[in-house]
Amino acid sequence: MTMLNALAAISILYVFFLFAVAFFAERAARRGRGNWLHTPIIYTLSLSIYCTAWTFYGAVGSAARNGFEYLTIYLGPSLVLIGWWWVLRKLVRIGRSQRITSVADLISSRYGKSNLLGVGVTLLAVVGTTPYIALQLQSVVLSVEVFSGAPDGMANNQPTALWVAVGLAIFTVIFGTRNLDANERHHGVVMAIAVEAIVKLAALLAVGIFVVWGISGGVGPVLDRIDASALGRWEVQGGRWAGLLFLSAAAFLCLPRMFQVMVVENDNDAQLRMAAWAFPLYLMLMSLFILPIAVVGLDVLPEGSNPDLFVLTVPLAFGQDGLAMLSFLGGFSSATSMVIVAAIALSTMVSNHIVMPLWLRFNETRVSVSGDVRNVVLVSRRVSIAGVLALGYLYYAQSGGGAALATIGLVAFTGVAQVLPALLGGIFWRGATRAGAFAGLTVGFLVWLYTLYLPSFGSGAFVPESWLETGPFGVMWLNPQALFGITGIDPLLHAVLWSFFLNTIAFFGVSLASFPSPLERLQGAQFVNVQQATGPRSWSQSGAQAEDLMVMAQRILGAADAQALFLREARRQGLDGHLPMTSPEFLEVLERELAGSVGAATAHAMIGQIVGGMSISVADLMAVADETAQMMETSARLEAQSRELTRTAAQLRAANDKLTRLSVQKDAFLSQISHELRTPMTSIRAFSEILRDTDGITREEQNRYASIIHDEAIRLTRLLDDLLDLSVLENGQVSLNIGQGVLSDVLDRAVAAALAHGDEQVLMIHRHRSREEVILNTDTERLSQVFINLIANARKYCDAGRPELSIHVEQIAGSVNVDFVDNGSGVAPEAQDVIFEKFARVSDQKAGGAGLGLAICRQIVSRLGGEISYLPGRGGAAFRVSLPLNQALAAQ
Amino acid sequence: MAGHVLLIEDEPNIIEAIRFILSREGWRVDTHSNGVDAADVVRAKSPDVLILDVMLPGRSGYDILRDLRGAPDTEELPVLMLTARGQNKDREMAERAGASRFMTKPFSNAEVLDAVRSLTVTS
């Protein structure tokens, strides 16, 4: 019992020592005197959390059972560090530049900030790590039991495990969540772990030296003993060893706690450069005496002793209590350091990917105050830490410790390592997509669950015994331990092979088949082409920042406004006449001001770049791009509206012009009609007054004046007829009397009618009757009207000494042209354009027409589906009437 | 008492009617029916009264009148304008061009006589 008390006292002292180390390291870091904390040796030692209590105690046990196999657990990480250090370098650079906080964060961030992936990886990590934490608790309990001498009295040990769990929770909460460093570094914890690394190495080496020189009497005799023992035989089990090697290498990269110390806590490339050779050395030292201890333990201790505890029991058996105590502290260190870092890593994941998203979703309106969120994050971290440890403790209590727990280590390794394809693919292959990562993780996880995790609880626990023998429901190829009929290999190797194979296939297949979103593309590029730059620049001179901010603000707000803002803020800070301090309040005010001009995202990114000296994150860029896109869209919309308005204005102007023109035309038309009506009426009135009022007028005069009155009355009537005709043709419904007729008949009638009044000059008409035998399907009356008009015009206006008119008929491609050409001087070129307009009388008034004839002709021909035109350059006046032949008419 | 009237008009029947009315009262009536050289004819004949139609072939009555009012020897010539268009606009244009009297067709014979008489009296 005294032994146990001493043990308790020493343990407590040791724990206080660790507290002190962590506390001073933390304080030194906070006061900026922590440069030594960034030294590569500390980083290298912190990597030693890879060696947990399972390694510390269990390696000897493993050696006692399986010979050299334990070496694979040490060789895996060594191979990664030596052969793959460039992979690690890329990983830590990405971690630094992207401010990655956990492996879940890395995966989520790389694949377009998918929180679904974050949650998935987090759950995988929790499932894979919880048994491991339980294992650490068990190791502490077992080692305490060794000292208490009680044989495997489990009931008594529950309190020990509980107290250890509680103590670790307190330590982790204190040093793991002291502050919310943006880069999630924990100098105190790392320092304590480095110390523990030394303790466990020293303990193991001390036990080893004691065994070799104290018990066996030197190196030679030990080698003899090993040779004599069955363990010394180099029985290489190629497949299993390769599988274990791969597994430990993968776990070294993927385990949450390893990621925490290796990537998140990393400061610079130099740390990694040293770790690349120093950590393999550390592992070598750790493994150096494993086999001797196992062999000697098997030799000297009674049959049936637990080989997992040889590190403790061998010194005790030889009365070396002090050495045993040191060894206990080594194991204790291994267990606690692993639990602390695992709890920090897991709590970060749980808090960032599960708790915070939920909290934010339910408290969207309350996020405005930044301190608020900060407190929530801290509380959520602390609760998560407690939760993780509680889970570990419960797992331990439920499983009852024992052998079941010891085998779970490799099983958990395999589960967590399912992240590997998505992780490596994500940082080396830009084509990797979120869907691919999700598919790979899901497939890997399910296969692992089915082939390894569930069967590991023993047949019958979750997986029915029959399944392991004949497959589920008798389907042999679905046997969890012999998928697709592949039998005869180690179950662990079988599960590793299948889970990674299918995981990788799914990852690549789905990645190739799916298209990444723009954010994924950007993130992928950032991760794959991570810059060679090392670490973020540091801005410490607030003066320089304020100046830069001033320059930027002037550019955006204008010089006067920016200066006024800075003066006002400086005065508020009590720094009248100086530039204001870049306090959070000031930055908030400035950001708000800038946001009004350039948008919130842009403002945030600009200030962030100057003050934080940080690179603009992809999310910032995306937000900026969104804003820009919105602005461009608005601008485009405004431009379109402006164009539309311009077009409408032009249309309105055109319409107005047209109305004005129409109004002018209407006035001119009315004026013309007035003139055409009043002129004959003037003659009529004048002569009728003469006849009425004049005495002694001669009989001839009477006759002459009466006939003038008569002619003018007829002229008036004709004018009104023409006007009505034109009005109907232009606007109204014209009923055409369509019938068959021969062109020559129509022309005969027209010539006869046009030449009927003998009081005008004689007109010679030339015709080619043979060509006129064209059958027309038209309104022959209307057509005749057109011809009469044209012939009468020739008769009236042809100014040749002997007026002649040629009527020429020609059929061309479905139409017939009837040309009327006289031998006069023709229509003046400037008048040719207007002769078809109303009242377009061009010659002097000798013929007395109102100028409506050709306008009427044009309307009629157009109704008949043809056209009338003036043919210039044909000697005299030349008109062509062109009519369609044998086809439907355009007229109503 | 009667004098010399020059009538510039292109409608033959109207020319004949006015010539008849004025001749019977003792006026000597000369006529011309083209607008283009009308101003020259006026200067050549230097009538006591000018009767001027607006719608003339070649040149409008307004233009001819403006031309006459710009020359010293025809500045004061009494001019009676005739138009068949009869809108207010035409009356205004006639006044602005410098017409002494303005008449819309159709007119009564007595009106024409009165107008010619009054124009010679005032001058």
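Start by selecting A:Phe210 in this predicted model: its relative accessibility is 15%, under the 20% cut-off, so A:Phe210 counts as buried. You'll find A:Phe210 in helix 10 of chain A.

What does A:Phe210 touch, leaving aside residues up to four places away in sequence? Show A:Ile215, A:Pro315, A:Phe318, A:Gln320 and A:Leu323 to see those contacts. Now pick out A:Leu323 from that set and draw a C-alpha to C-alpha distance back to A:Phe210: it comes to 8.7 Å, though 113 residues separate the pair in sequence.

Next, colour the whole of helix 10, residues 187-216 of chain A, and add helix 11, residues 219-228 of chain A. Their axes sit 8 Å apart and the packing angle is about 100 degrees, so helix 10 and helix 11 of chain A are roughly perpendicular to each other. For the contact itself, put sticks on A:Val212, A:Trp213 and A:Ser216 on the helix 10 side, then on A:Val219, A:Pro221, A:Val222 and A:Arg225 on the helix 11 side. Sorted by class, that contact between the two helices of chain A has 5 nonpolar residues, 1 polar and 1 charged.

Last stop: jump along chain A to strand 3, residues 775-778. Which residues of strand 3 of chain A make up its covered face? Select A:Leu776 and A:Thr778 for that one, then A:Ile775 and A:Asn777 for the uncovered face. Bring in strand 1, residues 739-742 of chain A, and you'll see an antiparallel pairing with strand 3 of chain A over 4 bridges. To finish, click A:Gly739, whose bridge partner in strand 3 of chain A is A:Thr778.

Key
Residues are numbered from 1 along each chain as its sequence is written. Chains are lettered from A and ligands numbered from 1 in the order in which they are written. This is a predicted model: local features need pLDDT of at least 70, side-chain atom pairs count only at pLDDT 80 or more; totals for chains, interfaces and linings use all residues. Side-chain values use heavy atoms; hydrogens and water are left out. Axes are lines fitted to C-alpha atoms, for helices over the stretch in contact, and angles run from 0 to 180 degrees between N-to-C directions. Helices (H or I, at least four residues) and strands (E, at least two) are DSSP runs, numbered from the N terminus. Angles under 35 degrees count as roughly parallel, over 145 as roughly antiparallel, 65 to 115 as roughly perpendicular and the rest as oblique. Contact means heavy atoms within 4.5 Å. Ala, Val, Leu, Ile, Met, Phe, Trp, Tyr, Cys and Pro count as nonpolar, Asp, Glu, Lys and Arg as charged, and the others, Gly among them, as polar. Buried means under 20% relative accessible area, exposed over 50%, partly exposed in between (1.4 Å probe, protein chains only). Two strands pair if DSSP finds at least two bridges between them.
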